[in-house]
Amino acid sequence: MNVRQLNAASTDSTLPALPEASHWAPDSWQQHEALQQPRYEDAAELAEAGAHLARLPPLVTSWEVLSLKQSLAEAQEGHRFLLQGGDCAESFGDCTSPIISNRLKVLLQMSLVLVHGLKKPVLRVGRFAGQYAKPRSTDSETRDGVTLPSFRGDLINGQAFTPEARRADPQRLIQAHAHSALTMNFVRALIDGGFADLHHPEYWDLAWVERSPLAAEYRQMVANIGDSLRFMETLAGPIAGFSRVDFFTSHEALLLHYEQALTRQVPRHRGWFNLSTHFPWIGMRTAALDGAHVEYFRGISNPIAVKIGPSVTPERLLPLIDALNPHDEPGRLTLIHRMGNAQIANALPPLLDAVKREGRRVLWVADPMHGNTESTSNGHKTRRFDNIAGELDQAFDIHAAAGTRLGGVHLELTGEDVTECMGGARDLSETDLDRAYKSMVDPRLNYEQSLELAMLIVRKSGGMG
């Protein structure tokens, strides 16, 4: 029985209606132009790895996916705020307990700042457990007269500049699934074990936080929350829900062979779910309306997101919205704008006006990172904190002027003591970048820069004096 026969065979009237995805199957993207895909030398080896992957257990569940979709629908109505953050590109070598727990600590601390300041629930989504592939500007790289394929992330090839490492290896699909499963298992264990308990925010401390100029302000905030919690529990007894939080994963669904293999049908729900992650997104370079990524995304039941940059026009955006969310389903579609501090004032308002005028239901989220990347004289890719904060500051004002709502942020960050973005609380300079620049691809905010940005969001929203 093929995919369309399976869909037609279900007659259970209690199931929700299928989204409009005529002539769609998990592999129908292969009939479209697929950008940013590696060249595999052995098609049989790739097919065998895909078949193996398709037999492995999923990484997330359909009920978790649907829970997130409901929460995103609430964020669209202004009842929640989305905090989406994590590494620019995960590596297999970073699948260690300290790195995973530090990444989780940063997101928990940021969410605590946001909950306290915004006075609304925060939806926590990590860019991890699958963020192993990255788009590249060119297919190849040349050094000293030698040309090899570009490094596209651990899901595809290795970073070392050798023919063996740069070969696109299908076995890495299986390795990525294993590392994602290990990461998810550890995150779930931490959260279920009380790691996110608001009674014990000291669990979230990072070893190097005491050097941060923001440490005192954060500790005072934690003390205030603790006092309020103890006061409420003195009056009403233990309050359920403070010992754990909901936490979801996301990644750019770039390598479509990997995503296809983890796209499954499940009991009691019609349609298809991408069970490699809760919240996949389409990058700006692969968002062509007639491209393979849009074709794949239009048929899955997950909540999805699309990155949009300054070159996107209303004439391009509205048909894309119609293709990905034809029934205007609540919580289905998030638009992540990444314009750059210098371009957002001109590029964003026409898009907001067009989507509002047409009555499309979307969640608007700001990515102030990707439009503000630059290179230094010593060869590092970096971002200036002032530009990141400036774009975010403008985004709030532009949405307010348009009568729309900025419902979240999408950040590249880490819990490690890195020096990759300039500026921030300790005013990192270009010379500071050499001290602890660890990113494989893009520069990330470190802990104190991330916390400073969370405080900026709260102040901009009127939550602090």
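Trainee: In which sense do strand 11 and strand 14 pair, and over how many bridges?
Mentor: In this predicted model, strand 11, residues 363-366, and strand 14, residues 406-412, pair in the parallel sense over two bridges.

Trainee: And which residue in strand 14 is the bridge partner of W364?
Mentor: That partner is L406.

Trainee: What do the eight strands form, and in what order do they run?
Mentor: They form a closed barrel with parallel pairing, and its order is 1-2-5-8-9-10-11-14. Going from one strand to the next, the twist averages 25 degrees.

Trainee: Switching to helices, which strands does helix 3 lie across?
Mentor: Helix 3, residues 62-76, lies across strand 1 (81-86), strand 2 (122-127), strand 5 (248-252), strand 8 (279-282), strand 10 (333-337) and strand 11, and its direction is at about 125 degrees to strand 2.

Trainee: What about helix 4 and helix 6, at what angle do they pack?
Mentor: Helix 4, residues 97-118, packs with helix 6, residues 171-192, at an angle of about 55 degrees, and their axes are 10 Å apart. The two helices are therefore oblique to each other, because an angle that is neither under 35 degrees, nor over 145, nor from 65 to 115 counts as oblique.

Trainee: Is that crossing left-handed or right-handed?
Mentor: The crossing of helix 4 and helix 6 is right-handed.

Trainee: Which residues meet there?
Mentor: From helix 4 there are S97, I100, S101 and L104, and these meet T183, F186, V187, L190 and I191 of helix 6. Sorted by class, this contact of helix 4 with helix 6 has six nonpolar and three polar residues, with no charged residues.

How values were computed. Residues numbered from 1 in each chain as written. Predicted model: local features only at pLDDT ≥ 70, side-chain atom pairs only at ≥ 80, totals over all residues. Heavy atoms only, no water. Pairing = 2+ DSSP bridges. Helix = DSSP H or I, 4+ residues; strand = E, 2+ residues; numbered from the N terminus. Axes fitted to C-alpha atoms, helices over the stretch in contact; angles between N-to-C directions. Contact = heavy atoms within 4.5 Å. Left-handed = near helix turned anticlockwise from the far one by under 90°. Nonpolar A, V, L, I, M, F, W, Y, C, P; charged D, E, K, R; others polar.
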